[in-house]
Each structure stands twice: as structure tokens, then as C-alpha cells.
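Work through the exercises below with the model open beside you. Try each task before you read its solution.

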Amino acid sequence: MDKTDGKLIIALQEGMPIISRPYKEMADRLGISEDEAITRVKKLKEAGLIKRIDFRLDLKRMGLATTLVACKIPEREIQRAKEIILNCGNVTHNYLRDHDLNMWFTLSAASTDRLRDLLVGLKERLKADRMLSLQTKNVFKLGFRLKVKNGWKGVV
Amino acid sequence: MLSKNEKGILLYISDHGLNLSREPFLEVADELGMAEEDVIAMLQGLRRKGVIKDLRGVIDPKKAGYKENALIAWRVPDEKADAVKNNFVENDLVSHCYEREPGEGFNYNIFTMVHAKKIKEIEDFVERAAEEFNCDYALLFTERELKKEKLDMGEFL
């Protein structure tokens, strides 16, 4: 990675315009050609540093209800619970955490009613001793970003 | 609510990511049998409405060397909530900051996800914030990541 890659990563995380040639706009700002920008982003993607180029959506505005579920799953049921969650399209993130409430996952549904139904079903299927739904009230910050206080040097 | 075409565009880009080519929206338009200018106009409209927050490259924290992460739940009194929230939003370690309904027996209202290269950075951040704002917290380090995916928009659109 070099200085240009660093600047490109910063530009990518700052956001791109929704226009016909978004990579050209970015390339112009960095003083490189459009094709070079595209080739470099492809390499960053192959290296896995950039996962994809995508929109960030406001799920609340889309009418979705989201929550963070904390549950206490008995040790012997964890593997089974993990499989159930893996196959649940309403869950994007699931973690084991160092706490009495040992399994934490995010849950999204098309409506609050649907969310409630899902929770009731999951509590049963996961054999959770305890399950809390910490429903999202406000999202203040969303998404990992690299620190760029030191400009591109902090990135590469 | 979203129109059929808007849903189609969002779903397609959500499934495939935006292509790395000169005219990525033209490819989306061709695939969906629409005109490029209509696709762009609809997406710009969704952005104005706030449905789309932005279009950006998604960075993998682990690949970038940020291997440690933790969820921290904070109990912040209402009168302090704004100051605490603003501080967290400005902090580089904090990737996510939410206000949530407290749970029974888990009485916390502000939640942050933090990513760092070293565990010490996370511990320092938590200690400093707890002292500065004088509030209780639960620090939940990740023991294992069992699932991490993007939302399958097909479930909702």
C-alpha cells in the first residue's frame, strides 16, 4: 500500500457521490486516472481491506424495527443456538460475550409486531434461560471507520 | 414507502455491491431494464429522504489491524445523555453508538461498539469515559464472533 492507496481508502470511507461515474470524481480529487482508481480499489478489495462498495441505509426510515438481543444460553445448547442463528436471515451479527448473558445478536424485522413474534419464537427455539430485547431507540453512529487524524499515513 | 423500482435497485446493489467499473449504475440499470438516469435519480431521491445515508467503501476492521472489539453498555442519566453521546460519536474508537430500551435486570441505555488494535486502548477508553461522566457500565468483550453478515434485504424489501 502506498500514499495513493491511503488517500483512496479515506475517500472511500468518506463516501462517494451518486452520479454516473463516481470513481472518476474520486480519481479527479486524488489526481489519478479513473481507470487507476478502479484498479486500485479492486486490489484493495481482493486484499479484503475493502469488503464492498455499498449504501448505508436508515433501517428505521425504511420502516424496519431493530433490536439487540441478549440471552443466556446454557453451555450445552450454544452450538445448536449458533446454527439456528446462522440460518436466521433476520440476524446479521451474533457474538459470544464474557457475561452471564452470554449470547448477543442483532435482530431486524419488517415491523414491531413481526419483531415481537420473532423474539417469542427464538426464545423457545434457542432454549434461552433468559432473553432481553434492547430495542433501538436512536442510532447516533453507525459503521467502522479508520482513524484519519494523521491523514493517509495513519491508514497505510 | 419505497416503490417497486426503488426496492429493486436497493436489493440489487445490496446483493451485488456496487461494481468497480466506470459506469456502475448503468450496469444496475441494464440488469433491471431501466434507464441509468432514472436509477441515479431514484437513488438521489432516496438519499434526500434519508433512506440512503451514504455510499461508501465498507472497511474490514480486522484486515486493517483492529483485531480487538467490545460492546459497552452505559447507564447514563437523561440530563447527561447528550454530552455523553456527543463525546462517543466524536471518539475514533467508537464505531457504533445507539440509544436502546433498557432491559429487565440490565439497566443500561447507551451502547457503544469499540474497535482497537490493543485491548488496553479499549480499557483506557472505558475507564476514562466512566470517570469523566461518572456513570456505570458493563464492558462485554467479544469471546467469539459467530456470525457477521450484511443484512439480507430480500427479507424485507
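## Warm-up: placing a residue

Asp38(B) sits in helix α3 of chain B. Helices here are DSSP runs of H or I with at least four residues, strands are runs of E with at least two, and both are numbered from the N terminus.

This is a predicted model, in which local features need pLDDT of at least 70 and side-chain atom pairs count only at pLDDT 80 or more, while totals for chains, interfaces and linings use all residues. Residues are numbered from 1 along each chain as its sequence is written, chains are lettered from A and ligands numbered from 1 in the order in which they are written, and side-chain values use heavy atoms, with hydrogens and water left out.

## Exercise 1: exposure and distance

Task: Find the exposure class of Asp38(B), then its C-alpha separation from Asn5(B).

Solution.
- Step 1. Recall the classes: buried is under 20% relative accessible area, exposed is over 50%, and partly exposed is in between (1.4 Å probe, protein chains only).
- Step 2. Asp38(B) has a relative accessible area of 40%, so it is partly exposed.
- Step 3. Asp38(B) and Asn5(B) are 33 residues apart along the chain, and their C-alpha atoms are separated by 9.7 Å.

## Exercise 2: confidence

Task: State where confidence is lowest and highest in chain A and in chain B.

Solution.
- Step 1. Know the scale: pLDDT is the predictor's confidence in each residue, from 0 to 100.
- Step 2. Chain A averages 92, and 94% of its residues score at least 70. Its lowest confidence is in helix α1 (residues 3-14), with a mean of 92. Its highest is in helix α3 (residues 34-46), at 97.
- Step 3. Chain B averages 93, with 100% of the residues at 70 or above. Here α1(B) is lowest, at a mean of 92, and helix α3 (residues 36-48) is highest, at 98.
- Step 4. Add the scores of the model: ipTM 0.87 and pTM 0.88.
- Keep one caution in mind: where pLDDT is low, the predicted coordinates should not be read in detail.

## Exercise 3: salt bridges

Task: Which residues of chain A form a salt bridge with Arg22(B)?

Solution.
- Step 1. Apply the rule: a side-chain nitrogen of Lys or Arg lies within 4 Å of a carboxyl oxygen of Asp or Glu. Side chains of opposite charge can pair when their charged atoms come close.
- Step 2. Glu34(A) meets Arg22(B) at 3.5 Å, N to O. Glu34(A) lies in helix α3 of chain A and Arg22(B) in the loop between α1 and α2 (24-32) of chain B, so this pair joins two chains.
- Step 3. Asp35(A) also bridges to Arg22(B), with the closest N and O atoms 2.8 Å apart. This pair crosses between chains too, from helix α3 of chain A to the loop between α1 and α2 of chain B.
- Step 4. Check exposure. Glu34(A) is buried, at 8% relative accessibility. Asp35(A) is partly exposed, at 38%. Arg22(B) is partly exposed, at 40%.
- Step 5. Look within a helix. Lys120(B) and Asp124(B) form a salt bridge of 3.0 Å, N to O. They are four residues apart in helix α5 of chain B, so about one helical turn separates them.
- Step 6. Put these in context: the whole structure has 24 salt bridges over all chains.

## Exercise 4: positive phi

Task: Which loops hold Lys127(A) and Asn134(B)?

Solution.
- Step 1. Most residues other than glycine have a negative phi.
- Step 2. Lys127(A) is not a glycine, yet its phi is positive, about 55°. Its loop runs between α5 (112-126) and β5 (130-141) of chain A. Lys127(A) is partly exposed, at 45% relative accessibility.
- Step 3. Asn134(B), also not a glycine, has a positive phi of about 50°. Its loop lies between α5 (119-133) and β5 (136-148) of chain B. Asn134(B) is exposed, at 63%.
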